[in-house]
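Here are my notes after going through this one. Have the viewer open while you read, and work through the points in order.

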Amino acid sequence: MGRRLRRPARTALLTLHVIVSVGWNGVAFAQLALASTAAADANLRHAAYELMHVIDRTLDIPLALLTLITGIVMSVGTKWGLLRHWWIVAKLAITVVAVISGGAVVRTLIVSADHATRGATTAAPTQAIALIVCACAMNVLFITATVLSTAKPWGRTPRGTREITTALVPAG
C-alpha cells in the first residue's frame with residue numbers, strides 16, 4: 001500500500017495543496033474579471049490583456065503545477081491513494097485537463113488577444129468571448145474539484161476494492 005505521510009508532513013502538505021489550489025482558482029476568477037473588462041471597455045482592453053498575460057506567466061503556471069504535484073503526493077502519501085477512490089480520479093482528471101487546456105488554449109488566446117489589441121481600441125477581438133468562456137469553464141472545473149474534495153462521492157474504484165479485499169484475506 002505504500003508509505004504514508006506522518007501527521008505533521010500530511011498537515012503541511014494538505015495546507016500547501018489547499019493554498020495553491022485556491023490560489024489557482026483565484027487566478028481563474030481574476031482572468032474572468034479581466035476578460036470581461038477587456039470585452040466591455042475598449043479603453044482598458046489592451047491593459048487587461050497585458051495583465052492577464054502577466055498573471056498567466058507569474059501565477060497560473062506555478063500554481064497549476066504545484067496543485068497537480070501536491071495533489072498527487074497527498075493522495076499517494078495518505079490512506080486515500082491515487083487511484084483507490086473515484087473522487088480522487090475525477091480530481092486528477094480535472095487537474096490534468098485544466099493544466100493542459102490552460103497551457104495550450106488559454107495561454108494562446110491571451111497572447112493572441114494581447115497582440116491583436118496592441119495599439120488598437122476598436123471592437124473586441126474574437127478572443128474576448130473565447131477567454132470569457134474559458135475562464136468560466138476553468139472556474140467550473142475548480143469549483144467541481146473543491147466539491148469533490150468536500151463530498152468525497154462515489155466510493156472505491158475497482159483497484160481500491162481489490163486492495164481492501166486483498167488486505168483482508170489472511171496470508172496462507
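The points below go from the overall fold to the empty spaces, then to a salt bridge and a surface patch.

1. First, a reminder on the source: this is a predicted model. Everything below should be read as a description of that model.

2. The fold is quick to summarise. The chain has 5 helices and 0 strands, so to speak an α-α-α-α-α run when read from the N terminus. Four of the helices come up again below: α1 (7-40), α3 (86-117) and α4 (127-151), plus α2, which spans residues 45-76.

3. On overall dimensions, the chain has a radius of gyration of 20 Å, whereas a compact globule of 172 residues would come out near 16 Å. The box filled by the C-alpha atoms points in a similar direction for anyone setting up a grid: roughly 75 × 30 × 25 Å along the principal axes.

4. What lines the largest pocket? The pocket holds about 720 Å³ of space, and 32 residues line it. If you want to centre your view there, Leu-14, His-17, Trp-87, Lys-91 and Ser-149 lie nearest the centre. Helices α1, α2, α3 and α4 each supply at least two lining residues, with α1 giving the most, at 8 residues. By character, the lining splits into 16 nonpolar, 11 polar and 5 charged residues.

5. There is also an enclosed space to look at. Searching the whole structure for cavities of 30 Å³ or more turns up 1, with a volume of about 110 Å³. Its lining draws two or more residues from each of α1, α2, α3 and α4, and α4 has the largest share, with 5 residues. The lining comes to 13 residues, and Ala-28, Gln-31, Asp-60, Val-106 and Met-138 are the ones nearest the cavity centre. Of the lining residues, 10 are nonpolar, 2 polar and 1 charged.

6. How many salt bridges does a search of the whole structure find? The count is 5. One worth pulling up is the pair Arg-107 and Asp-56, whose side chains meet at 2.7 Å, N to O. Arg-107 sits in helix α3 and Asp-56 in helix α2, so this contact ties together parts 51 residues apart in sequence.

7. Last, turn to the surface. Which residues form a nonpolar patch there? They are Ile-61, Leu-65, Ile-69 and Val-73, and together they have about 320 Å² of accessible area. To find the patch, go to helix α2, where Ile-69 is located.

How values were computed:
Residues are numbered from 1 along each chain as its sequence is written. This is a predicted model: local features need pLDDT of at least 70, side-chain atom pairs count only at pLDDT 80 or more; totals for chains, interfaces and linings use all residues. Side-chain values use heavy atoms; hydrogens and water are left out. Patches are made of residues with over 30% relative accessible area and no salt bridge: like charges are joined within 9 Å, nonpolar side chains (Val, Leu, Ile, Met, Phe, Trp, Tyr) within 5 Å. Accessible areas come from the Shrake-Rupley method with a 1.4 Å probe; for residues, only the protein chains shown count as cover. A salt bridge is a side-chain nitrogen of Lys or Arg within 4 Å of a carboxyl oxygen of Asp or Glu. On a 1 Å grid over the protein atoms alone, a cavity is a set of points where a 1.4 Å probe fits but cannot get out, and a pocket is an open set with protein on both sides within 12 Å along at least five of seven lines; lining residues have an atom within 4 Å of a point. Grid points are joined across faces, edges and corners, and a volume is the space filled by probe spheres set on the points. Ala, Val, Leu, Ile, Met, Phe, Trp, Tyr, Cys and Pro count as nonpolar, Asp, Glu, Lys and Arg as charged, and the others, Gly among them, as polar. The radius of gyration is taken over C-alpha atoms; the globule rule is 2.2 Å times the number of residues to the power 0.38.
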